[in-house]
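Q: Please take a close look at one residue of the chain shown below, beginning with its contacts. Then set that residue in the context of the whole fold and of other local features.

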Amino acid sequence: MKVEQLTCSIGAEVSGISLGDASRDTGLAEEIRALLLQHKVLFFRDQDITRGEHAAFARHFGDLEDHPVAGSDPDHPGLVQIYRSDKRENYENTYHTDGQWRETPTMGCVLRCVEGPAVGGDTIWVNMAAAYNNLPDDIKQKIDGLKAKSSIEHGFGAVMPEEKRLELGRLHPPVEHPVVRTHPETGEKILYVCSFTTHFANYHTPENVRYGQDKTPGASMLLNYLISQAAIPEYQVRFRWKPGSVAMWDNRCTQHYAVQDYWPAPRKMERAAIIGDKPF
């Protein structure tokens with residue numbers, strides 16, 4: 001196995017192994033887990049694996065979850081098919097953490113490129129532990145103990161007809177998470193707001209008193225500032241996909257952005273998302 005670090009902040013390319021072998025080898029999967037905790041996102045090229053091996057490898061790290069909007073392969077529950085070409089409107093082109101609208105957001109994901117454009121369709125990942133570490137001390141003090149609401153309707157629902165959007169919101173009501181979560185394995189502090197985040201749940205400051213109640217200008221400006229940290233290049237790595245490429249990321253401490261610059265070329269991806277725990 002060879003590991004090449006890609007940036008100073010996040011990401012490594014792993015070569016010399018087959019994820020098909022790792023799907024059957026618990027020891028090899030545990031080596032990959034250790035690398036994941038270190039680099040936060042791992043990339044594997046030229047992986048000729050089956051859907052069954054893809055799902056089996058991901059299950060080394062936990063049970064797989066379905067998605068209420070994107071359908072799964074009928075023969076491999078939890079292997080979500082993200083196929084793009086027919087519509088220009090898509091909804092991944094924001095910085096986000098998968099499943100942050102769940103009570104127990106996704107722990108991690110294994111994403112495989114089945115078919116992609118000749119140019120374009122890259123994905124960007126962001127180290128949100130670095131984003132928190134580099135916040136000014138006064139901002140860290142201000143957000144200590146804050147919680148925020150996240151909603152699937154705020155993201156996926158935006159491209160739906162109103163009736164379907166409202167139904168999606170009823171089936172998956174907003175959830176509340178800490179603005180700064182703690183990684184359950186590394187102990188790192190992580191800035192935990194993204195495009196699914198709608199507003200603070202307990203923001204009580206002089207700005208709040210001065211400007212009024214919930215969703216005040218003070219609260220909105222602070223939330224927008226925190227969300228904007230994901231766009232800082234020093235916290236990022238960008239990956240160019242090819243068929244057979246696989247990315248695996250720790251969803252607890254990263255965000256990602258699927259660049260939508262390739263329409264009308266097709267892009268077919270398959271993702272196994274691993275069920276996580278409740279942030280604290």
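A: Leaving aside neighbours within four places in sequence, Arg102 is in contact with Glu65, Asp66, His67, Pro68, Val175 and His177. The model is predicted, and every value given here is computed from it. Arg102 belongs to the loop between β5 and β6. Its relative accessibility is 18%, under the 20% cut-off, so Arg102 counts as buried.

The elements on either side of this loop also take part in the surroundings of helix α3. This helix spans residues 51-59, and its buried residues are Glu53, His54, Ala55, Phe57 and Ala58. Their cover includes β5 (76-84) and β6 (108-115). Also among the covering elements are the helices α1 (19-22) and α2 (26-39), together with the strands β14 (246-250) and β16 (267-274).

Two loop residues call for a separate look at the backbone. As a general background, most residues other than glycine have a negative phi. Lys40, however, has a positive phi of about 75° although it is not a glycine. Lys40 is located in the loop between α2 and β3 (41-44). With a relative accessible area of 5%, Lys40 is buried. Asp46 likewise has a positive phi, near 55°, and is a residue other than glycine. The loop that holds Asp46 runs between β3 and α3. In contrast to the burial of Lys40, Asp46 counts as exposed, at 69% relative accessibility.

A further backbone feature concerns a peptide bond. In general, most peptide bonds are trans. The bond from Trp263 to Pro264 is cis, with omega near 10°. Pro264 is found in the loop between β15 (254-258) and β16, and β16 is one of the elements that cover the buried residues of α3.

At the level of the fold, the protein chain has eight helices and 16 strands. Its radius of gyration is 19 Å, close to the 19 Å that the globule rule gives for 280 residues, so the chain is as compact as a globular protein of that length. Taken along the principal axes, the box filled by the C-alpha atoms is roughly 60 × 40 × 35 Å. Of the 280 residues, 51% count as buried. Among contacts between residues at least 6 apart in sequence, 81% join residues at least 24 apart.

The interior also contains nonpolar cores. The largest nonpolar core has 28 residues, and those with the most contacts inside it are Ile143, Val179, Leu191, Phe200, Leu222 and Leu226. At least two residues of this core come from each of β7 (123-127), α4 (128-133), α5 (137-143), β11 (189-191) and α8 (217-228). The most is given by α4, with five residues. Apart from this core lies another, of 25 residues, and Ala12, Val14, Leu19 and Ala22 are among them.

Finally, the surface and the charges may be considered. The protein chain exposes about 12900 Å², of which carbon and sulfur atoms supply 49%. The chain has 31 positive and 38 negative charges, and the mean positions of these two sets are 3 Å apart.

Notes
Residues are numbered from 1 along each chain as its sequence is written. This is a predicted model: local features need pLDDT of at least 70, side-chain atom pairs count only at pLDDT 80 or more; totals for chains, interfaces and linings use all residues. Side-chain values use heavy atoms; hydrogens and water are left out. Helices (H or I, at least four residues) and strands (E, at least two) are DSSP runs, numbered from the N terminus. The radius of gyration is taken over C-alpha atoms; the globule rule is 2.2 Å times the number of residues to the power 0.38. Buried means under 20% relative accessible area, exposed over 50%, partly exposed in between (1.4 Å probe, protein chains only). Contact means heavy atoms within 4.5 Å. Accessible areas come from the Shrake-Rupley method with a 1.4 Å probe; for residues, only the protein chains shown count as cover. Lys and Arg count as positive and Asp and Glu as negative; His and the chain ends are not counted. The place of a charge is taken as NZ of Lys, CZ of Arg, CG of Asp or CD of Glu. A nonpolar core is a set of buried Ala, Val, Leu, Ile, Met, Phe, Trp, Tyr and Cys residues joined through side-chain atoms within 4.5 Å.
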